[in-house]
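Here's a quick walk through one model, strand by strand and then around its ligand. Have the sequence and the 3D view open as you read.

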Amino acid sequence: MDRGSELDFWAFGFFSYPVFLLEMSFNNNVVSINAVKKSFDDVSVLRGIDLQIKSGERVALMGPSGSGKSTLLNCICGIETVDEGEIRMDGEELGSLSVRNLERIRRVKIGYIFQSFHLLPTLNAFENVEFSAQLAGISKKDRKERTNELLELVRMNHRANHLPDSLSGGERQRVAIARALIHNPKLVLADEPTGSLDTETGSQVLDLLESLSDEFNVALLLVTHDKTSTRICNRVIMMNDGLLIF
Ligand SMILES: Nc1ncnc2c1ncn2[C@@H]1O[C@H](COP(=O)(O)OP(=O)(O)O)[C@@H](O)[C@H]1O
Ligand SMILES: [Mg+2]
């Protein structure tokens with residue numbers, strides 16, 4: 001084959017490759033946010049947000065209180081609807097989904113970690129994690145095994161029978177991390193997860209998030225006020241007055 005026909009051959013191969021396969025191989029975005037706007041009453045809270053997060057990528061989101069960080073997280077997990085623009089979660093456009101399908105995405109593809117843990121107070125550590133597995137549709141037999149596995153990974157198996165009230169802040173957040181990861185989500189949204197913890201405990205929680213995100217290839221969107229928390233992230237984005245600054 002001479003040089004010219006070799007090039008023709010490659011060009012033909014490239015252009016005949018189905019477009020959707022190309023998209024699949026080049027586009028491994030877990031979440032893709034395009035021109036999103038959101039207002040509450042007449043207050044514009046998100047004023048045109050574009051953001052892509054790839055599989056396994058960890059992104060820190062910083063910015064002053066009231067700048068719209070939590071609203072963005074709520075839009076990504078479908079708790080809030082957007083007024084304009086679109087959010088694709090693992091390829092599915094949230095605005096086109098029924099309430100039922102939005103709930104499925106939230107339970108199956110996303111894990112959420114909050115500053116104040118949000119564990120159910122009447123369930124012990126094991127039950128809190130197992131309940132999340134149940135919501136995600138994991139079978140009864142598998143979820144016991146998976147709950148034990150996750151509690152072991154966050155080193156909380158020895159405290160499995162304890163109610164949240166009798167656990168320290170760091171221990172509660174470790175249970176919350178196990179809960180967020182039990183169903184092998186594609187994306188974990190963490191809204192100031194170390195905000196209620198002392199520096200040392202917060203640092204351990206971040207190490208844990210980093211190692212589990214690596215181990216399971218889970219993307220992480222980490223909202224934080226604390227610059228040192230961004231050490232576990234691949235990139236840092238600032239939010240100011242409803243806009244992202246890269
Ligand atoms: N459900 C809501 N109804 C009305 N206003 C809201 C609601 N949620 C958030 N806001 C307003 O949107 C702005 C951004 O809030 P938020 O997203 O919580 O910011 P951040 O997480 O960056 O502190 C604030 O002015 C807040 O009062
Ligand atoms: Mg917030």
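## Strand 1 and strand 4

V31 sits across from M89 of strand 4. That pair belongs to a predicted model, so keep that in mind for everything below. Strand 4 covers residues 84-89 and runs antiparallel to strand 1, with five bridges joining the two.

## Strand 1 and strand 2

Strand 1 spans residues 29-40, and its pairing with strand 2 is antiparallel too, this time over nine bridges. Want some landmarks? N29 has K54 of strand 2 as its bridge partner, while K37 faces R47 in strand 2.

The link between these two strands is a hairpin, with two residues between them. Have a look at D41 in that turn: its phi is positive, at about 50°.

## The whole sheet

Put together, the sheet is open and has four strands in the order 2-1-4-5, paired antiparallel. Which strands stand at the edges? Those are strand 2 (43-54) and strand 5 (92-93); each has a single partner strand, so one side of each has no neighbour in the sheet.

## Around ligand 1

Now for the ligand. The residues around ligand 1 are F40, V45, G63, S65, G66, S67, G68, K69, S70 and T71. Sorted by class, that shell holds two nonpolar, seven polar and one charged residues.

Which element gives the largest share of the shell? Helix 3 (residues 69-76) does, with three residues.

Technical notes
Residues are numbered from 1 along each chain as its sequence is written. Chains are lettered from A and ligands numbered from 1 in the order in which they are written. This is a predicted model: local features need pLDDT of at least 70, side-chain atom pairs count only at pLDDT 80 or more; totals for chains, interfaces and linings use all residues. A residue is near a molecule or strand if its C-beta atom, placed from the backbone, lies within 6 Å of it. Ala, Val, Leu, Ile, Met, Phe, Trp, Tyr, Cys and Pro count as nonpolar, Asp, Glu, Lys and Arg as charged, and the others, Gly among them, as polar. Two strands pair if DSSP finds at least two bridges between them.
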